[in-house]
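Me: I'm new to this one and would like a relaxed tour. Could you show it to me and then take my questions one by one?

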Amino acid sequence: MDTFPLSVQTTYQDLLEAHRQQAVSNLGGTPVLKEKSGRKYWYVRKRLGNRIVERYLGPQSAELDQRIEAGRDAATDHAVFEKRCASMVAQLRAAGLPALDRQTGKVLRAMAVAGAFRLGGTLIGTHAFRLYSAELGVRFPPELGLTADVDVAAFENLKLAIDDKPDPSLARTFADLGLHPVSEAGDSRKHTRWRMPGDGLMVEFLVPRMQSHQDVVSLAPLGVDARALSYLNYLIAEPVQAVGLYRSGVLIQVPRVERYAIHKLIVASQRRKESAAKARKDLAQADLLIRILEEDRPEELGLAYEDACARGAKWRSAMDASLDRLPEARARLTFC
């Protein structure tokens, strides 16, 4: 296994922590804790002109509590922050960590500035997979990280907790970047995808298919439409943060790596015959991550697998179909 030196892994963790702290400081204002539906959420309250606004920070947790407390006395000058983080990004790129290409970096940075990830959006798919290289400290085969699509998923019911919205709106953000909405078949008023002209990058929004049978639903927290897919509720539960290497770094929300690995086992067996190449890529990503996690984080991997198995026969059948093609991965999961 080709691992990055400890110094590189430490630099990445320093970069991630700097962005996490700055994300709290950037919003300014006064942190306030609000209770909704029996849970507590942090907001920042501040005055804009003659009105008071509240910006969502996230659900209360020991980690966020600590970061908010630290932020009260540790406001960092933005120019100093940018210079320091740009230097760390340059070091990490030079060390060989996967970086965002210019087009993807511009799009993800603009989405982060608008608040898409702060408001519950989770980057999934191969762009998320590439970010796990830094988290795990392992160099991935380049062919497993090739993609031109940006897939973002979120829970539709977050609207019950989040009293906030992207600013500027994602529609405005994409228009400024030159992305055009792609109308859904049968309803030109709905847009779950946004594309650069020609064969450029495409952004797609997704939502877990829960009780509704609708294929396209309104994703209120982000102010966009989203396509409903099965199994996403498992993938994006309890997401974590990562930093994309572009300019001074982009703070992004991604699935937990162990959930990503197990989810790939499920979706690989659900692919249609015409998507055989994507299924092979799913399996290769899952196999690699399971191999790394079985060595470094066997408890987390085992719990994620048990969680998926407990969700019913359909889930177990989907995983078994993939594991029949990955006997070594099956043995590693049995060990967990």
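Reply: Sure. One term before we start: a cavity is a set of grid points where a 1.4 Å probe fits but cannot get out, and its lining residues have an atom within 4 Å of a point. Also keep in mind that this is a predicted model.

Me: Good to know. What is the radius of gyration of the protein, and what would a compact globule have?

Reply: The C-alpha trace spans about 60 × 55 × 45 Å along the principal axes. For 336 residues, a compact globule would come out near 20 Å, so the protein agrees with that rule, its own radius of gyration being 20 Å.

Me: And how much of the protein is buried?

Reply: The protein has 12 helices and 12 strands. To count as buried, a residue needs under 20% relative accessible area. Of the 336 residues, the buried share is 48%.

Me: Back to cavities, then. Which element gives the most to the lining of the largest cavity?

Reply: The whole-structure search turns up one cavity of 30 Å³ or more, and the space in the largest cavity is about 50 Å³. Around it sit Tyr12, Leu97, Pro98, Arg130, Leu131, Ala134, Val243, Gly244 and Leu245. At least two lining residues come from each of α5 (126-136) and β11 (240-244). With three residues, the top contributor is α5.

Me: How many of those lining residues are nonpolar, polar and charged?

Reply: Arg130 is part of this lining, and Arg counts as charged. Gly244 is there too, and Gly goes with the polar group. The full split is seven nonpolar, one polar and one charged.

Me: You mentioned β11. How many of its residues are buried?

Reply: β11 pairs with β12 (residues 250-254) in the antiparallel sense, over five bridges. One of the pairs sets Ala242 against Ile252 in β12. β11 is largely enclosed by the rest of the structure, because the buried count among its five residues is four.

Me: Which residue takes a positive phi in the hairpin of β11 and β12?

Reply: The hairpin has five residues between the strands. The positive phi there is near 55°, and the residue that takes it is Arg247.

Me: What about the second largest pocket: which element gives the most to its lining?

Reply: This pocket has a volume of about 1,100 Å³. It has 32 lining residues, and those nearest its centre are Asp151, Arg227, Leu229, Arg271 and Lys278. Elements giving two or more residues include α5, β5 (149-153), β10 (224-229) and α9 (276-296). The biggest share, five residues, comes from α8.

Me: How does that lining divide into nonpolar, polar and charged?

Reply: Asp151, Arg227, Arg271 and Lys278 are among the residues nearest the centre, and Asp, Arg and Lys count as charged. Leu229 is also there, and Leu counts as nonpolar. Over the whole lining, the division is 12 nonpolar, nine polar and 11 charged.

Me: Last topic, the three-strand open sheet. Which strands stand at its edges?

Reply: The order is β1-β2-β3, with antiparallel pairing. Each edge strand has a single partner, so one side of it is left without a neighbour in the sheet; these strands are β1 (30-36) and β3 (51-59).

Me: And which residue in β2 stands opposite Lys36?

Reply: Strands of a sheet pair through backbone hydrogen bonds. Here β1 and β2 (residues 39-48) run antiparallel and are joined by seven bridges. Opposite Lys36 in β2 you'll find Arg39.

Technical notes. Residues numbered from 1 in each chain as written. Predicted model: local features only at pLDDT ≥ 70, side-chain atom pairs only at ≥ 80, totals over all residues. Heavy atoms only, no water. 1 Å grid on protein atoms, 1.4 Å probe; cavity = no way out; pocket = protein on both sides within 12 Å on 5 of 7 lines; lining within 4 Å. Points joined across faces, edges and corners; volume = space filled by probe spheres on them. Pairing = 2+ DSSP bridges. Rg over C-alpha atoms; globule rule 2.2 N^0.38 Å. Buried < 20%, exposed > 50% of the residue type's maximum accessible area, 1.4 Å probe, protein only.
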